[in-house]
Amino acid sequence: MERILLIGGTGMLLGATTYFCSKNKEVVVLARNKLTSNNQRITFPIKSLVCDYHHTEKFISIIQDEIKEKGAFDTIVIWMHSSAKSSLVSLLSFIDERMPKTIIYHIKGSNYSTYNDLLQVGSKLIYREIILGSQTENGIKRWLTNTEISDGVINALTTEANCSVVGYLE
């Protein structure tokens with residue numbers, strides 16, 4: 001069974017998390033708060049790792065422990081705020097060294113260009129980007145909805161595109 005880790009998969013990505021569970025993938029979500037099967041929004045079993053990814057050492061340690069216990073991930077979807085740059089860099093380095101066959105999908109918000117100068121993506125990594133744009137409705141620009149974001153992530157993983165844009169970029 002394919003193992004997938006979703007970092008930040010409980011808020012805007014909850015629809016994608018639920019979708020991957022429905023496709024018989026072993027889904028692990030890293031979130032600040034524990035998810036339970038009693039959560040009314042969750043209809044499938046999901047393993048929940050609890051950690052604030054801003055705490056780099058604990059963040060990497062929790063992921064290492066999960067890998068030791070259950071094995072490497074086939075896919076990791078990363079949706080992290082730019083305020084956690086050191087955790088993101090540490091995670092990519094860790095994956096490059098220990099799980100080079102893992103496919104990384106890095107979701108980048110509207111300030112995605114702030115990441116470009118900090119990331120030194122290892123040559124062994126399979127690294128793909130999902131860039132979140134905006135939508136226009138009745139001539140008015142708006143943020144993407146949670147459903148649009150989840151659908152865009154699902155589409156990116158399904159099509160295996162190296163770079164996907166959800167919505168429109170200016």
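Me: Why is Glu69 called exposed?

Reply: Glu69 has a relative accessible area of 54%, and exposed means over 50%, buried under 20% and partly exposed in between (1.4 Å probe, protein chains only). Glu69 therefore counts as exposed. Bear in mind that this is a predicted model, where local features need pLDDT of at least 70, side-chain atom pairs count only at pLDDT 80 or more, and totals for chains, interfaces and linings use all residues. Residues are numbered from 1 along each chain as its sequence is written, and side-chain values use heavy atoms, leaving out hydrogens and water.

Me: How do you know that Lys47 and Glu69 meet in a salt bridge?

Reply: The rule asks for a side-chain nitrogen of Lys or Arg within 4 Å of a carboxyl oxygen of Asp or Glu. For Lys47 and Glu69 the N to O value is 3.7 Å, so the pair meets the rule. The two residues come from distant parts of the chain, Lys47 in strand 3 and Glu69 in helix 2, 22 residues apart. Here helices (H or I, at least four residues) and strands (E, at least two) are DSSP runs, numbered from the N terminus. Both residues also belong to a salt-bridge network with Arg3, Glu26 and Glu66.

Me: What makes Glu2 and Lys25 a salt bridge?

Reply: Their closest N and O atoms are 2.8 Å apart, and they form a salt bridge. Glu2 lies in the segment before strand 1 and Lys25 in the loop between helix 1 and strand 2, 23 residues apart. Glu2 has a relative accessible area of 30%, so it is partly exposed. Lys25, at 23%, therefore counts as partly exposed too.

Me: Are the partners Glu129 and Lys108 buried or exposed?

Reply: Glu129 is buried, and so is Lys108. Their side chains meet in a salt bridge at 2.3 Å, N to O. This pair joins strand 6, which holds Glu129, to strand 5, which holds Lys108, 21 residues apart.

Me: How do you know that strand 6 and strand 9 pair?

Reply: Two strands pair if DSSP finds at least two bridges between them. Strand 6 and strand 9 run parallel and are joined by 4 bridges, so they pair. Glu129 has Cys163 of strand 9 as its bridge partner. Along strand 9, Ser164 and Val166 point to one face and are buried, whereas Cys163 and Val165 point to the other and are not. The open sheet has 7 strands in the order 3-2-1-4-5-6-9, with parallel pairing. Strand 3 (47-50) and strand 9 (163-166) are its edge strands, each pairing on one side only.

Me: Why are Cys21 and Cys51 called buried, and how many disulfides does the structure hold?

Reply: Cys21 has 7% relative accessibility, so it counts as buried. Cys51 has 4% and therefore counts as buried as well. A disulfide needs a pair of cysteine sulfur atoms within 2.5 Å, and the structure holds 0 of them.

Me: What makes a group of residues a nonpolar core, and which have the most contacts inside the largest?

Reply: Such a core is a set of buried Ala, Val, Leu, Ile, Met, Phe, Trp, Tyr and Cys residues joined through side-chain atoms within 4.5 Å. The largest has 26 residues, and Leu5, Ile7, Leu30, Phe59, Ile63, Ile76 and Ile78 have the most contacts inside it. A second, separate core of 24 residues includes Ile103, Tyr105, Leu144 and Val166.
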